[in-house]
Every structure is written in C-alpha cells, then in structure tokens.
Amino acid sequence: MRAVLNTGRNVPQGVAVEHKGSPDYRAAVSVCHMNPVDLMELGSNEGGHVALMSRAGSVVLTTRVAEGMNRGEVFVPLGPYANRIISAETHATGMPDFKGEPVDVVPTDEPVMTIGELMESIGGVWYDH
Amino acid sequence: MIIKDVVCPFCGCLCDDLDVEVDGQTIIKVQNGCTLAEAALTGNNRLPAPIRRTATGWEEISFDDAIRETADILLAADRPLLYGWSSTHGEAQSIGVHIAELLGAVIDNTSTVCHGPSILAIQEVGHPGCTLGQVKNRADVVVYWGCNPTEAHPRHMSRYTTFATGFFVPEAQKDRTVIVVDTRRTESAEIADEFIQIERGRDYEVLAALRAIVRGKGSILPREIAGIAREQLFRVAEICMKAKFGAIFFGLGLTMSSGKYKNVRNAIELTDELNRHTKFTISPLRGHGNVYGSNEVFTWITGYPYAVDFARGIAFYNPGETTAVDILRRGECDAALIVASDPGAHFPHAAAAHLAKIPTILIDPHRTATTPLCRLQMPCTMAGIDAEGTAYRMDGVPIRYKKFLESSYPDDADILKRIHDRIREVQGS
Amino acid sequence: MTELLVKNACVIDPLNKILMEIMDIPVRDGRIVESVSAGADVIDARGCLTLPGGIDSHSHVCGTKVNFGRYMSPEDMRAGRTARRGKMHVTSGYYVPTTYGNSYRYSAMGYTTVLEGAMAPLEARHTHEEFTATPHQDMLANTLFDGNWAIMEAVRAKDIKKAAAIVAWTLSAVKGYSIKLTNPGGTEAWGWGQDLSSIHDMVPNFNVTPAEIITTMIAANELLGLPHSVHLHCNNLGKPGNYRTTLQTFDLVPDTNNGRQTLYATHVQFHAYGGTTWRDISSKADDIARAVNAKPQIVMDMGQIMFGRTMTMTADGPMEFNLYCLHHNKWSNHDVELETGSGIIPVLYSKKSLVNCVMWAIGLELALLTKNPYQCLLETDNPNGAPFVKYPEIIGLLMSKRYRDEECATLNGGTEQRTALSALDREMDWNEIAIMTRAGQAKALGIDAQGKGHFRTGAEADIAIYPIRCRDVDPTTEYRKVIEGFQKTMYTIKRGRVVARDGDVIVEGANSTFWVNPVVPDDLNVASDPEFVKKFEEYYTVRMGNYPVQDVYLPRGKCIRTEAAL
C-alpha cells in the first residue's frame, strides 16, 4: 500500500531516548503506527512486521494500531528506524523531509533489526560494555 | 535529602519546580516532573570511561589521551564539523564556538533539524512573541498548531497554558478556548475546544485562508480548504479576533512539512494581522532543553543562531550550505565533534553514515546511537544533574541548571576547554 | 605592581576643571596616582588630546532583545563582519554588532564604560552573560520597572516605602544598577495590545497613572540613595505633539538631590515633536531645552538620529508595533511577564523624508540650546537613532556650524520651516564635548564617585588618547579631522592597561560589572513578606529561588552598597 510517512516525538520514545541501547527504546521507535482499516486491508495484524520503502531506503518495523491515524498515513517515532527511509535532501533549508515522505508499506516476515544492527549497517561498530 | 526547585533539563519547557529526593549519589524520587523528566533524571545508561574504537572493537582510554587525540584529529582536519550542543549548558556551548573559530570549522546545533526553519522565517518576518508567564496570566485563546504537547512537552499545558491559573485567568481551562490544528486527532486534540483536522502538507493554505478572513476577504474562500469546511475557519478566525489575548504555539508539523520555513512565516504573518485586532503572540515549542541556549550563545558570539562556518576566517551563514545534514550528505567534512546530541539516531541515515567514515569524536554522558559511529567517545557530566550552568527556556528566559549530584565525570565545559587550549597551543597563538 | 606614565598629554578633565593642559598622568595598579617610579612604562601622548575613557550612558548592547535583533538580521551580520585577528575574535554586525564587535568598536573610539539601556529583571542572567562577552568595557544595567506588577500595586497604595523595598530586592537579586522606566504603564497596557496616550491615563486593571509611577519611583530612588537617578523613556515616544507629554513629565520632577539630577530623561529627541500628525510635525526642541535650562534637576541625552539604516529596539512594545504598521518591516515583540515589554524593527532614516530630517535637526537643537552641557549628553540610544560608531560625526556637527550648514543643504527642502537648527550659531568647544561624552555621564550615573570620568588621584586609569592636537585643529572648519580623530584613539587604556592601539584591540579583556545593593531594614525585606512571595510564586513561571542572578555571572562584579534613608 502506498502511504505518507509522518515522524515525530511521542512519550515512549522520549522516555527511552537516553537509553538508546535498551529494549524499551527499540520497542518505542521500531514501530509503524497505522490506521486499523489500512492494517486490515494490508492483510496484516497488529504486531506483525511491515517493510517501509522510500526513495532513501527501506526498513522493517512492527505494526501497531493507532485509532486516530488517518487512512493512507503511517507514523514512525523519530529515531534511527525512521531515518532509514528519510532522505538527506533538504531543499537548501538544512531540514530534511521528516514529514510527508511517500512510502510503500508491504507486509513481511523479515525481522526487525536491533539498534546495533542498524548502526552497523551504516558503518558503525556496536559498543557493549 | 530533598532538593527543591530543580530545573529539568530535558525539553524546552525547562520546568524549574521539580523536587528531587537523593540518597548519597542516587536519585530516589522525582516529584512534580512529567514522565520524560522522571526518565531523564533517573536513568542509568552512562558510559563509565572514555572509549576508543580499535580494529577489533573498543578499548577504554584515559581522558588525557582522549583529549589529546581529539585535538590532533581536529587540527589535522581541513573541514571539521562541530555539531549538537543542545543538551549541555551555555558555558560549554560558548567554548565550542571558540574552538570552531580557532579551527575555521563549521559549528551547527540541533535547531538544524528542528526549529531551524522557524529561525529562517523569523529572519524574514520577525517574531512577535512573549514569555510564557504572559500566556499563563492573560491568554483566553491558545492555539496549538502542528504540535502535540501532550506527548512532547507534557507539562506545557499545566504550567503555562490550558490548565494553568493566571492572574487574569483565574479559572484556567474554563476561561480559555483551546484550538488544536493537526493532521490527526492526537491526545492534545482531545482536550481542544476546536480541533481543525488538516490535510497533510497543507498548513500554508489554511494559514493563508485565515489571513484572508482576518483581513476581511473571507468571501474569496472556496467551500473547503485542505479538507476543512470554511465555516470552521470562519468560526476559528472569529474566536481569535475576539480574544483578549491569543497565543499560538507551533511545532514540527510546520517546520518539517513541505514548505518548511514558509509555513512558519505564514503563521507569523497571521499573528501580525491579528495584532491589528487584538493581542496575539506566536512561539515555537523548542524541543531540547537548551537548544535555544545554543542559538543565543552562537548569536552573541558569531551573529548567527546556527550553521556557522568559520572557514573563510569570518563568520559565514548559509542554511542549506553550512547546515550539518547537508555537509554530511555531501561528504564535505573530514572530521566531526559531536557534543550533547545524537545525530546517529536523528539524522537521515545517509548523513549519519558519513560520521562512520570520518574520525568522529563524541562527548556525551550516554551510549547513544552515535556511539557506534564514532572513533572516540568521552563521557561527561549531565547538565542539570551533576553539572550546573545556564540554559535558555523555549521563550528565552535564562535559568541556571542546578547541580545536585557529585560525580567523577568531568564537566564537558572543562573537557572542551582543554581541547581548546591544546589547539591554541599547537597553533602557537 | 604595574606602573605607567602617560607623558605630554593634552588633558581635558572637566570634573577637575582641567582644560587643555599639557601634563603627565601617572598610573599604578590601574589607578591614577601622584607619581610613579623611573621604572614605569611610558607612553608619549605627544601633546594629543587625552580624555578620561568614554562613558556611554544609554546603549542597547547586551541582553534578550539585542540578541533577538541580531539573530533576526543575518543581512546586518554580513554588513559589518571582520575576521579573527591577533587577540580579536571574529565580529559580525553593523547596527547590531555581536558582543565582541561592540566591545572592539567602542574600544577603538576610546569608550571604557557602558550602561546597558534596558534589562528585564527576569532575563537579567542573559544580560550578564553578554556583559562578560563585552570584555573591554565596564558594564552597568538599567533595570526595567515600568510594567512591574508589584511596583504598580505599591504605587496604587501610595506606599513609597513598599516601592523602595521592591526596587531594593530586585536590584540586588538581578545585580542591576539603576531604575529604568520605559513608557511607564504603557508596557503593561501593551500586554493587552493597548497603550496610554497621556501621563494621566489609567493603566488598565492596575488603576495607576504614569505620573504616579514616575513620582513614586523618583521618591523611592532617592529614599534608597541610589547612585543614579530614575532613568526615564517618556510616554508617547515618537508621536507628533508629544513634546507636551515631555514637558508635563518634566513638571513632575522635584529637585531633591544635591549631588546630581533627580531625573535622567533619555533620547529626548524622540520626545520633542510639535504638530499633530506626520504631515505637520515640527521641532519643539526649544521648548524642551528651555524647560531643562530652568530645571537643574533634569539631565537629558540627545537621542540623535543619523541617516542610514539601523535597528530600533526598546522596551516600548506598542511604539515598535506602530512602526511596524507604518513601515511593514520585519517586527519582533517580546513581552516579559509581570515586568515589561519589548519590540524590535529595522528602520531607514532617509534625507528624503521630511519627518526624518526634522528628527535629525531636533537632536542637534537640543544639544545646542541646552546651556549647560552637563544637562544634555551625546547619545543616539544606540542603535535606535544610529549605531554608536556615528558618535564622532555628531561631535563634528556640534562643533562646526559649517558642517551643519553643509548637511542641511542636502536635506528635504521643508526642513528649515519646521526646525530652528539653521539659525543656531553655537559651536561646542572641546571642553563641552568632553563633558557630553564622559564627564557628564559620570556625574549623571553617579560613577564619578567610583573613579570614572575623571583623572583625580585614586580614579580608575581609563584613558583615551586621540590623535588630535587641539591647538592645531580648528574644529569649526576642520571637522573631518575632528571626526577622524574621535573615530580611532592612538591608545585606549583601561585600568592602566593598553587595550587598544590605533583601532586594534591588543589584549583580552577583564571587565567589571557595577551593580547596586540597596540595603533596607529587615521589615522591608520583601523576600520575607508572605504576600509578595505568594504572588511571585503564583504568577511568575520561574520559582523565586531560581530568579536571582548567581554570583558566578559577575566574575569581577563591583557591588555598591547604599543605605536607605528609612
């Protein structure tokens, strides 16, 4: 399904934002909030995985129902998962298109990466102490 | 021991009425704060010692070595980028600017991916605003546009707007009309008296429509604008024009959607128009606790609030060219110093990936998503917890962070000072 | 111990009645002394004009609204930028320079002390941070009380002691120097988008008038024994016909202080308009000057405008909004809860505009018509009238009728009918200029007692040596030399240390901030008044414990204690 991506802050993301290595953070930001009818039409259930694909990349997220969400829109909290599919193009404003990016939403069985895997995929080396 | 009137460093609200109970060096309880405050103050994810990346993993190193290596990396670079700054105090921010000046580097702060567009709009049309206490004491109409304070600034409504009693607004919510404009029915929308559900990316048109109504040209409006019936817009414009004191707060819904600074500009110009009828103010809901502080400090030293490039020897400002995401996207910087922010998590991945390709140094108390991308990280104190210093609230009011814990971590201002002095020493000035 | 001997200085020290005497100035450890040893460093002033360091008694250089002005004006930042050089940091800005920009440019002109024109107590911390970043001038802060709720309640209750108590607590909490009133009562009315049009109008909801606020605060100021008088930006700034408001205000002022004025009226040019609209605006400088000449209890400053672009920024929110309605330029506003307001908008003063030409003439008329130069000081309300770098040009105009005539010939043709300037022959002399740029400010601000503005033994060794040989220059004709001479000192010495040489700052600064701690009896300590505390905690949005400016913000603060006459 084609959708428009919205990203932003929410409480679970904010609570966990200083613990980026924690399961709470991953649980908060690797989520795709969807309208329940959209989810149903996708043939998926809450908790199932979807792949979001944009011009900038793709990422696998866990779905969650959001009653207030509009049809044709998805919300992913600010964070490294959302940023897999946000382009670094800023149209000379310095600000990327964090809201309004068109995405394809496809159900998938692929796993959701850990933060460590995410960062390693862009060249990082995970640190565990 | 209970420490009263602690200043929460997390978001731009800078609530300064927290009571924190400590036992020795442990925080036991936080009173009066919101869930974000609680999490920020009681978390324990601090990096114990400086670490450096090796061929095989990570090793701990001393602060002395880390500082020397940092200075060496920055001195060797042609175009270093100094980014972040929003979660630390002004004293550290100030030294950061001076380091950038010495190096001929680019220095940018998190406004660049948050309210930078608001600043661009202000630079075009100005900012008719006020301190939060003016809103608390006078506002009978409050508008939240493109933001969700319930989630991102949880106490904004209870300390400063909807639920706060004020001198001229003794019954708080009863005396106030709250208007929320958003693309979806958020929790903030649930408590609104008027909720305008707007089609995504069409704030500019709706703002223009409201301006037309306020100017007496409402008759030109079509039946529906961006999914909104014009009757609702007439009603809302009427509420605004009949207000005794209206306050508009806006957030990333305007700055991040297409149009970016043009959306904010239109909102400011609407506020200007409303000022011809009654008293109206507009203010951005700043995200990080001390991001406004970094704007203030950068400005009084360099003249510009973010995205400052010293490569030419003068202070040079050109958002789109000198902004961090663009510099990283173009692969233009060959070293980076990240302080008190997490671009690894909050920048588009193509920009964040460049940090892994160049020598990146991170000064941050926590393990963050930038940690894996850096070459070297130094932990430091947390401003507002074990370091004191100056912070600027979202409305420009300066408040001093309290230090209520002792720690063995160095203050990031001290770390930066040592880096600064080492650079000066090598440069021979 | 460091010793310095400035030799062959042609000194004008009006407070010591020294007029163009060639003399030596011995300095030890930052102060003027009787003599120094043979080992002292020597500077040869070569017979050049040597004055005490310049003092600016009203300039907007540090704080919230100034910084607003900066970050909303990237185009101005580009206009005045300099690269890092030697000890000097990068600077930006032409009419709203960065703090280092301000500091270096003032230093180049020989200025060593500046009073920040307006500081809102709630945001004092910001002002003090910028003071530290203006490192070559000692700083003082005019503290705003014009819309202060607790003060207005005390005024309504006719309780001068209470007003004094609130001033005392506030000044010592925020480390301010003096009482500033900007459009008193009007800034509170602006909290509702309104303004006041007369000093007898009632402030909505508080039911006090500007006249009552002014008289109560003057009484409180004198009761506390503050070194400076009340510093007033009159109501109705900028409105045609406002000279009446100014004269009515002057009539309120008693003569209750033997040592100095009882009211400092600032940027009076903006308050000296006759006429009724922009169409028939005219100069009423002669009425104003006549009043001041008859009232030794009033000192004013010119508020001179100079042609060109600049930025207006004042606590007078409603006035700034009116400018926005007139010019449609980018406009910023910042009302401060329970205290005051502010507005910022760029302007262009143009010779094509008759109104602007009248304004330009008025400032000069005020200076030329005021008999005693101690009563009319040289200021532009920087940057509202013009950036302070224009002061030397103003000196040139005051000293040379010829220069004035040449300028007048380029103005809008209607100017002559509306103003008296072309009929004024007076040419200020060197001594009068010295008074208008330092001695007068020192006396008016009450910092002569702190060793500023003169070369008496024990004074701070703030010395400006200008490349001007007074006896070889005729200022009435060679005004270009006068202007160039005042633009750049040969030496600017601060506390006995050479800080600037031929326009370049050569050391890092270590300025001091002067502030006042007015001591009052315990029963007048508002911090122990439950009513005051209750209202503070209820209506402000910061806690009372977090409000005061901590000592750390004034690394070299100089506290002046005063005893209240209670």
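In this predicted model, a good place to start is chain C, where Cys10(C) stands opposite Leu49(C) in β5(C). That pair belongs to a parallel match between β1(C) and strand β5 (residues 49-52) of chain C, joined by 2 bridges.

**Strand β1 of chain C and its partners**

β1(C) is worth following further. Strand β1 spans residues 3-13 of chain C and is mostly covered, with 8 of its 11 residues buried. Strand β2 (residues 18-28) of chain C runs antiparallel to β1(C), and 9 bridges join the two. Together β1(C) and β2(C) make a hairpin that leaves 4 residues between them. In that turn, Lys17(C) has a positive phi of about 55 degrees. Strand β4 (residues 41-44) of chain C also pairs with β1(C), this time parallel and through 4 bridges.

Leu5(C) lets you see two of these pairings at once: Leu5(C) stands opposite Pro26(C) in β2(C), and Leu5(C) also stands opposite Val42(C) in β4(C).

Here are the strand pairs of this report side by side, including some from chain B that come up below.

| Strand pair | Sense | Bridges |
|---|---|---|
| β1(C) and β2(C) | antiparallel | 9 bridges |
| β1(C) and β4(C) | parallel | 4 bridges |
| β1(C) and β5(C) | parallel | 2 bridges |
| β7(B) and β16(B) | antiparallel | 2 bridges |
| β9(B) and β10(B) | parallel | 5 bridges |
| β8(B) and β16(C) | parallel | 3 bridges |

**Where chain C meets chain B**

The last table row crosses from one chain to another. Strand β8 of chain B, residues 128-130, pairs with β16(C) in the parallel sense, and within this pairing Gly129(B) stands opposite His334(C). The wider contact brings together 45 residues of chain C and 52 residues of chain B. On the chain C side, at least two residues each come from α1 (64-71), α2 (74-79), α4 (124-132) and β16 (332-335). By class, the side of chain C that touches chain B holds 16 nonpolar, 18 polar and 11 charged residues.

**Where chain A meets chain B**

Chain B also touches chain A, in a contact that takes 45 residues from chain A and 58 residues from chain B. Three elements of chain A give two or more residues to this side: β1 (2-8), α1 (11-16) and α4 (115-121). The most comes from α4(A), which gives 4 residues. The side of chain A that touches chain B has 19 nonpolar, 19 polar and 7 charged residues.

**The two domains of chain B**

Now to chain B itself, which is divided into domain 1 (47-113 + 289-427) and domain 2 (116-284). The C-alpha centres of domain 1 and domain 2 of chain B lie 34 Å apart. Between these domains, 8 residues of domain 1 are in contact with 8 residues of domain 2. The domain 1 side of that contact divides into 5 nonpolar, 2 polar and 1 charged.

**A sheet of 9 strands in chain B**

One open sheet of chain B has 9 strands in the order β5-β4-β20-β19-β18-β6-β7-β16-β17, with mixed pairing. β5 (58-60) and β17 (316-317) of chain B stand at its edges and have a single partner strand each, so one side of each has no neighbour in the sheet. Within the sheet, strand β7 (residues 106-109) and strand β16 (residues 308-309) of chain B run antiparallel, with Ile107(B) opposite Val308(B). Helix α2 (residues 63-76) of chain B lies across β6 (80-84), β18 (335-339), β19 (360-363) and β20 (376-378) of chain B. The helix runs at about 125 degrees to β20(B).

**A sheet of 5 strands in chain B**

Another open sheet of chain B has 5 strands, ordered β11-β10-β9-β14-β15, and its pairing is parallel. Its edge strands, β11 (194-197) and β15 (279-284) of chain B, each pair on one side only. Neighbouring strands here are turned by 15 degrees against each other on average, direction ignored. Inside the sheet, β9 (residues 141-145) and β10 (residues 177-182) of chain B pair over 5 bridges, and Val141(B) stands opposite Thr177(B). Helix α12 (residues 261-274) of chain B lies across β9, β14 (245-250) and β15 of chain B, at about 160 degrees to β15(B).

Definitions and conventions
Residues are numbered from 1 along each chain as its sequence is written. Chains are lettered from A and ligands numbered from 1 in the order in which they are written. This is a predicted model: local features need pLDDT of at least 70, side-chain atom pairs count only at pLDDT 80 or more; totals for chains, interfaces and linings use all residues. Two residues are in contact if their C-beta atoms, placed from the backbone, lie within 7 Å. Ala, Val, Leu, Ile, Met, Phe, Trp, Tyr, Cys and Pro count as nonpolar, Asp, Glu, Lys and Arg as charged, and the others, Gly among them, as polar. Two strands pair if DSSP finds at least two bridges between them. Axes are lines fitted to C-alpha atoms, for helices over the stretch in contact, and angles run from 0 to 180 degrees between N-to-C directions. Domain bounds come from an automatic or database domain assignment. A residue is buried if 20 or more other C-beta atoms lie within 10 Å of its own, exposed if 12 or fewer, and partly exposed in between; C-beta atoms are placed from the backbone.
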